[in-house]
Amino acid sequence: MESAKIRQPFFTHDRLFYRTLFRMLLIVALQNIVAYSVNMADNIMLGSYSQEALSGAATVNQIFFMVQQFALSIGNALVVLAAQYWGQKRIEPIRTITGISLKLGLIVSACILLICGFFPEMVLRIFTNSPEIIAEGKSYLLLVMWSFALFIITNILMSALRAVETVNISFYISVVSLIVNVCINYVLIFGKFGMPEMGIRGAAIGTLIARALELVIVIIYLAKADTKLHLFQKGLFSFNSGLKKDYTKVYLPIMCAQVLWGVSVPMQTAILGHLSADAIAANSVATTFYQYLKVIVLAMSSTSAVMIGNAIGRGERDKVCSAGRTLAVIDVIIGVALGLALMALRRPLLSLYNLNDAATEMALNLIVVMGFIMMGMSYQMPVSFGVIQGGGDTTFTMKMNMISTWCIVMPLSFMAAFWWKWPVVLVVIVIQSDQIFKCLPVFIHFRKYQWMKKLTREEHDQYE
């Protein structure tokens, strides 16, 4: 490995690398922004409708956030393996791994629907004790929960396409979904064009129809237009013991890493939700804008995982070190730009919401905090989830999240909120602090270059 570092420059000089990186990054970022706007449309319209409706939808979105973690873990495991096979231009294993992912996605979807359908109030009470917010949230959840299952399956299919560097269709799907969602929201939330005024239930119907449309379009594309995967050929759901073993080995640590971190996020929101009604509204608005820009960081993570996986699959290990360093520096630049943009735009963005004075002032301060948090997250997340995990090392992020989140952040967050009774802004700083201090272990592990692991099987041993 030392010889690789000597032969290669600090930054990669491969022009094809930069063209591929920025093309994929731009398209995936736009797709993520537009896809996130489906939820953003609910927030903005409900925020102008009533604060209770906004808080109810925001509470349900914490549940959706957990759904996303399971969906992302299934899709990311698929990408880690499939990207290396795509580097070797071997399609059959990718198709089989996609089938394994889809079966797992159906199982997870069924479990989520059962929990949300039979115990909606119990789930919502985890995040807030306000009867008004629980009532609004239950009305929203019982409809929008069906979109959770649709989202999981769609995400798996899009992950398979992303692994083979097909990303344009995801953007087009998201644009159509956003337009449909906004139009239905406008009509049903406020009761336009002779339709009944449905409030938060109208937003749920809009989201559900948009998610259903996404799935229909991606299935039609795979069946009629895709020229790489030929996904629906015979054998998609065939049993393959070797590839199933490989997928399980990759998926379990990725799932643990996503869920260990993901569970902490709604729990942290629940801490704020039990402090005051203004705190949950202010945090909802602040984190909405933060999450909106975070989709660019997630795009960098996804793009990095595909590119690093492809390079390792092609056997270009001597080029991976300089490519990884290049990606890491780009991550830092992106983080600084996003953090400064978030702080600069906080007042115009808050003008979109109808919050009381106390919640507005609190949200202004929280957005400044989120700007600094964004800078740290923009480095550590793409490097850990993109470069390191995409390179085949799926256990490092799991261990880091277990220690940082559950041994440091969560205990300190509970003490800051309920024992020391710190102000809301300081509690949020504690809650989000791991996005900063995780940068150090990520940097140290990255510079060891021990995360490059070949995960593909030869054709003769893929059933072993």
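This is a short talk on one predicted protein model, from its overall build down to single residues.

Let's start with confidence. The structure is a prediction. Its mean pLDDT is 87, and 95% of the residues reach 70 or more. There is a weak spot at the start of the chain. Over residues 1-6 the pLDDT is below 50. That stretch still has eight contacts in the model beyond near neighbours in sequence. Be careful there. Where pLDDT is low, the predicted coordinates should not be read in detail.

Now the overall build. What kinds of secondary structure are there, helices or strands? The count is 17 helices and zero strands. The C-alpha trace spans about 60 × 45 × 35 Å along its principal axes. How does the radius of gyration fit a compact globule? For 464 residues, such a globule would come out near 23 Å. The protein has 22 Å, so the two agree.

Next, the inside and the outside. Of the 464 residues, 60% count as buried. The exposed surface of the protein is about 18500 Å². Carbon and sulfur atoms supply 68% of that area. Then look at the contacts with a separation of 6 or more. Residues 24 or more positions apart account for 85% of them.

On to the core. The largest nonpolar core has 147 residues. Which residues have the most contacts inside it? They are Phe148, Tyr247 and Trp451. Take Trp451 and leave aside its neighbours within four places in sequence. Its partners include Ile308, Val320, Val387 and Ile388. Gly391, Gly392 and Asp393 are also in contact with Trp451. So are His445 and Phe446.

Let's pick out a helix. Helix 8 covers residues 200-224, which is 25 residues. From first C-alpha to last, helix 8 reaches 37 Å. The expected figure, at 1.5 Å a residue, is 36 Å, and the two are close. Several residues of helix 8 are buried, among them Ile200, Gly202, Ala203 and Ala204. Further along helix 8, Arg211 and Glu214 are buried too. Leu215, Val218 and Leu222 are also on the buried list.

Now a buried residue in another helix. Thr303 sits in helix 10, residues 277-313. Is Thr303 buried or exposed? Its relative accessible area is 0%, so Thr303 is buried. What does Thr303 touch, not counting residues up to four places away in sequence? The answer is Leu21, Met24, Leu25 and Val28.

Next, Phe190. This residue belongs to helix 7, residues 168-190. Its relative accessibility is 24%, so Phe190 counts as partly exposed. Remember the cut-off: buried means under 20%. Not counting residues up to four places away, Phe190 touches Met45, Ser48, Tyr49, Asn185 and Glu197. Phe190 and Ala203 are 13 residues apart in sequence. In space they are 9.8 Å apart, C-alpha to C-alpha. Ala203 is one of the buried residues of helix 8.

Then helix 12, residues 346-350. Arg346 is found there, and so is Leu349. Arg346 has 25% relative accessibility, so it counts as partly exposed. Leu349 is partly exposed as well, with a relative accessible area of 23%. Leaving aside neighbours within four places, Arg346 is in contact with Leu364, Ile367 and Val368. Now two distances to check on your screen. The C-alpha atoms of Arg346 and Gly194 are separated by 36 Å, with their positions 152 residues apart along the chain. For Leu349 and Leu150, 199 residues apart along the chain, the C-alpha separation is 30 Å.

Last topic: backbone angles. Which loop holds Lys89? Lys89 lies between helix 3 (51-87) and helix 4 (91-118). Lys89 has a positive phi of about 55 degrees, although it is not a glycine. With a relative accessible area of 53%, Lys89 is exposed. His230 also lies in a loop, between helix 8 and helix 9 (241-273). The phi of His230 is positive too, about 50 degrees, and His230 is not a glycine. At 36% relative accessible area, His230 is partly exposed.

To recap: 17 helices, zero strands, and a largest nonpolar core of 147 residues. Keep the low pLDDT of residues 1-6 in mind when you open the model.

Note on methods
Residues are numbered from 1 along each chain as its sequence is written. This is a predicted model: local features need pLDDT of at least 70, side-chain atom pairs count only at pLDDT 80 or more; totals for chains, interfaces and linings use all residues. Side-chain values use heavy atoms; hydrogens and water are left out. A nonpolar core is a set of buried Ala, Val, Leu, Ile, Met, Phe, Trp, Tyr and Cys residues joined through side-chain atoms within 4.5 Å. Buried means under 20% relative accessible area, exposed over 50%, partly exposed in between (1.4 Å probe, protein chains only). Contact means heavy atoms within 4.5 Å. pLDDT is the predictor's confidence in each residue, from 0 to 100. Helices (H or I, at least four residues) and strands (E, at least two) are DSSP runs, numbered from the N terminus. The expected span of a helix is 1.5 Å times one less than its number of residues. The radius of gyration is taken over C-alpha atoms; the globule rule is 2.2 Å times the number of residues to the power 0.38. Accessible areas come from the Shrake-Rupley method with a 1.4 Å probe; for residues, only the protein chains shown count as cover.
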